[in-house]
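Thanks, everyone. Today I would like to walk through the metal sites in one model, starting from a single ligating side chain and working outwards.

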Amino acid sequence: MKITIIYDNKVYKKELEADWGFSCLVEVENTPRILFDTGTNGRILLRNMEKLNIDPNSIDEVFISHSHLDHTGGLSDFLKLNKEVKVYVPISFRRPLNAKEVVSVKESLQIHENVFSTGELSRIEQSLVVKEEKGLIVIAGCSHPGVGSILNADSQFGKVYALIGGLHGFREFDVVKDLELICPTHCTQYQSEIKSLYPDKYVEGGAGRIIKL
Ligand SMILES: [Zn+2]
Ligand SMILES: [Zn+2]
């Protein structure tokens with residue numbers, strides 16, 4: 001599988017634009033192409049997509065982690081270009097969307113053969129889970145429910161291999177010691193602590209970063 005970070009607080013490729021928010025493209029073999037979150041600003045989202053050669057019309061589904069503007073701000077501009085998508089939102093997300101189909105997710109859910117949602121945790125946020133041979137790859141928006149409870153919810157699908165996304169104020173660093181890869185990005189406050197504790201697992205984020213697993 002392949003994850004391309006489109007929108008992030010910092011850039012990995014300097015021709016892209018950094019802005020507070022998060023979005024990435026999730027490509028899994030024989031599975032619809034999923035846009036995970038949409039950043040804050042639709043213009044920046046679409047410009048970064050263009051520079052990464054990602055055609056908005058090539059996207060089949062949008063997965064929204066939670067309703068905060070830094071994850072949903074680009075959604076309406078994206079839907080103006082491609083409304084033929086299925087959008088997965090957590091059940092607490094109540095805004096009407098101009099999309100082909102909207103799925104409100106409450107409990108954990110199998111979206112495709114190897115793709116799952118944790119369901120909405122702590123009444124705020126869902127995470128996307130991809131099952132690969134090595135284990136589970138978990139993509140989180142801000143991790144408001146707490147990294148511990150997200151990983152706990154993931155364990156119903158298998159063993160977690162990698163965690164990618166915003167980890168907010170996460171500092172119970174022991175919780176991630178068994179993971180093989182961690183890419184703390186977006187709102188993660190303790191990035192340098194995580195990097196110095198787990199230099200072998202740590203992968204730099206930033207817009208333009210491509211992670212193949
Ligand atoms: Zn955020
Ligand atoms: Zn948030």
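His-144 counts as partly exposed at 27% relative accessibility, where buried means under 20% relative accessible area, exposed over 50%, and partly exposed in between, with a 1.4 Å probe and protein chains only. Before going on, please note that this is a predicted model, in which local features need pLDDT of at least 70 and side-chain atom pairs count only at pLDDT 80 or more, while totals for chains, interfaces and linings use all residues. Residues are numbered from 1 along each chain as its sequence is written, chains are lettered from A and ligands numbered from 1 in the order in which they are written, and side-chain values use heavy atoms, with hydrogens and water left out.

The zinc ion (ligand 2) is coordinated by His-144 (NE2) together with His-66 (NE2), His-68 (ND1) and Cys-142 (SG), at 2.1 to 2.7 Å; donors here are N, O and S atoms within 2.8 Å of the metal (3.2 Å for Na, K and Ca), and since water is not among the atoms, sites may look incomplete. The angles among these four donor atoms run from 90 to 174°, and the site is irregular, a label for anything that is neither tetrahedral (four donors, all angles between 85 and 135 degrees) nor square planar (four) or octahedral (six), which need opposite donors over 155 degrees apart and all others between 65 and 115.

What coordinates both zinc ions? Cys-142 does, and the two ions are 3.6 Å apart. At 3% relative accessibility, Cys-142 counts as buried.

For the zinc ion (ligand 1), the protein donors are Asp-70 (OD), His-71 (NE2), Cys-142 (SG) and His-186 (NE2), at 2.1 to 2.2 Å. His-186 is buried, at 5% relative accessibility.
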